[in-house]
Amino acid sequence: MQILISGAGIGGPALAHWLGRYGHRPTVVELAPALRPGGQAVDFRGPTHLAVLRRMGVLDELRKLDTGGSPMTFTDRHGRVRLRLPADFAGGEIEIPRGELAQLLYRHSESTTEYLFGDTVTALQQDNGGVRVAFRYGPERRFDLVIGADGLHSRIRALAFGPEQDYVRHLGYYAATWGFPNTLGLPAGSTGINTPGRLAAAGADPRDPARAGAFLLFASPRLDHDRHDTGALKSLLQQRFADLGRPVPHLLDTLREAEDLYFDSISRADVPRWSNGRIALLGDAACGATIGGMGTGTALVAAYVLATELARADGDFRTAFTRYERAVRPYAERCQRGGDRTGPFLAPRTAAGLRVRNALLGRGWILDRMLRLGQDVATMDLPEPG
């Protein structure tokens, strides 16, 4: 089958890998001119994530790239430590920089995949025989199926299902990340100044102490902003965090030169039906949460299930799409709920909320229970390979 995948982040190359295994030669189109480097570390936890990685044949490679996790320390604006969380709380069983995971998945799929960088889909028209796809730059083409693996702000979802505001809900916070030279000698892990509704954190790269990363998060109603206007976003962050103490002024200085700024709302996507004829959604486009919803692991699981069901259905894509959604939706929605709590957990809006969080998570048995619950949520029965 001729299958177009929109998005070369994580879910798109993972799906391309599996489709190649089953004898297809998919096409992946990506708006960015190349794979996006950097980004926050992503993690995998529980038997389901590890089983998919093992079946993909990448588990051993990922273990070699494992950062070992990132312990988290929260301080007040005077530098007094209020809470410490161990590395496995945020890092799961395997933690890897997102950019390195994207590169690995690209390498494992490129031999059977056509990659089109620097382009995007502008129109879709489906009929009984396939989908006619128009691109911004490339010539119009026909495909048997189109899969939107292009994230929370999915272009495919907007074209085939309806406008973003019908499916994406703002959860009251915004987050930003970028990398910079570690001239301050910051330690590994994440140390952050926490005030009501705000967190400014930074830490050295665990494998390259000369590099560091910043993470800012703040509570806010939905902002009227252009998420592609990097200059305006940098100014916004400068204004929101200018009054915090060291090392925040240094972080904001590095922001001026940052070329890998990521900025987005913490939001979730809820699409009532993941397919429309020959067009289907995968990962965050279907059931996303910006941070804390185990979106990376969910995307890999969904890619495996979708490709496997297409193989089992032997060309009956409607049956495959139905089985895929029936298998993955309950799992994805369980994982997604974690994203609803990310903002209030990292930056409670009140001083009282900060004190309660610090007191509760300072107890070891509560941390242990939260880790066990996270593993339970991330577990499902996987179909056997097609």
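Is Asp 314 buried or exposed? Select this residue in the predicted model and display its surroundings: Asp 314 is exposed, with a relative accessible area of 71%. It sits in the loop between α10 (295-313) and α11 (317-346), and its backbone takes a positive phi of about 55° although Asp 314 is not a glycine.

**The first helix**

Next, select residues 11-21, which form helix α1. Of its 11 residues, 10 are buried, so α1 is largely enclosed by the rest of the structure. Colouring the buried positions will pick out Gly 11, Gly 12, Pro 13, Ala 14, Leu 15, Ala 16, His 17, Trp 18, Leu 19 and Gly 20. Follow the chain just past the end of α1 and you will come to Gly 23, where the phi is again positive, at about 95°.

**From Leu 15 into the core**

Return to Leu 15 and show its contacts; leaving aside neighbours within four places in sequence, Leu 15 is in contact with Ile 5, Ile 147, Leu 282, Ala 303, Leu 306 and Ala 307. Which residues touch the most other members of the largest nonpolar core? In this core of 74 residues they are Ile 5, Leu 15, Leu 62, Ile 147 and Leu 310. Helix α10 gives the most to this core, with 10 residues, and α10 is also the helix that comes before the loop of Asp 314. A second core, separate from the one just visited, has 24 residues, and selecting Ala 212, Leu 244, Leu 251 and Phe 263 will show some of its members.

**Ser 6 on the first strand**

Now select Ser 6, which is found in strand β1 (residues 3-6). Ser 6 is buried, with a relative accessible area of 5%, and the cut-off for that word is under 20%. Its side chain is joined to the side chain of Asp 150 by a polar contact of 3.1 Å. Beyond its neighbours within four places in sequence, Ser 6 is in contact with Val 29, Ile 147, Gly 148, Ala 149, Asp 150 and Ile 156; of these, Ile 147 has been met already as a contact of Leu 15.

**His 170 on strand β12**

Move on to His 170, which belongs to strand β12 (residues 168-181) and is buried, with a relative accessible area of 16%. What does the side chain of His 170 reach at 2.9 Å? It reaches the backbone oxygen of Ser 220, while a polar atom of the same side chain lies 3.4 Å from the backbone nitrogen of Gly 172. Not counting residues up to four places away in sequence, His 170 touches Ser 220, Pro 221, Arg 222, Ser 265, Ile 266 and Ser 267.

**The second largest pocket**

Keep Arg 222 selected as a contact of His 170, because the last stop, the second largest pocket, has Arg 222 among the lining residues closest to its centre, together with His 153, Glu 164, His 225 and Arg 227. About 270 Å³ of space lies in this pocket, and 14 residues line it. Which strand gives the most to the lining of the second largest pocket? The answer is β16, with three residues, while β12 and β16 (262-269) each supply at least two. To finish, colour the lining of the second largest pocket by class, which will separate three nonpolar, six polar and five charged residues.

Terms used: Residues numbered from 1 in each chain as written. Predicted model: local features only at pLDDT ≥ 70, side-chain atom pairs only at ≥ 80, totals over all residues. Heavy atoms only, no water. Buried < 20%, exposed > 50% of the residue type's maximum accessible area, 1.4 Å probe, protein only. Helix = DSSP H or I, 4+ residues; strand = E, 2+ residues; numbered from the N terminus. Polar contact = N/O pair within 3.5 Å; in protein donor to acceptor, adjacent residues only side chain to side chain. Contact = heavy atoms within 4.5 Å. Core = buried A, V, L, I, M, F, W, Y, C linked by side-chain atoms within 4.5 Å. 1 Å grid on protein atoms, 1.4 Å probe; cavity = no way out; pocket = protein on both sides within 12 Å on 5 of 7 lines; lining within 4 Å. Points joined across faces, edges and corners; volume = space filled by probe spheres on them. Nonpolar A, V, L, I, M, F, W, Y, C, P; charged D, E, K, R; others polar.
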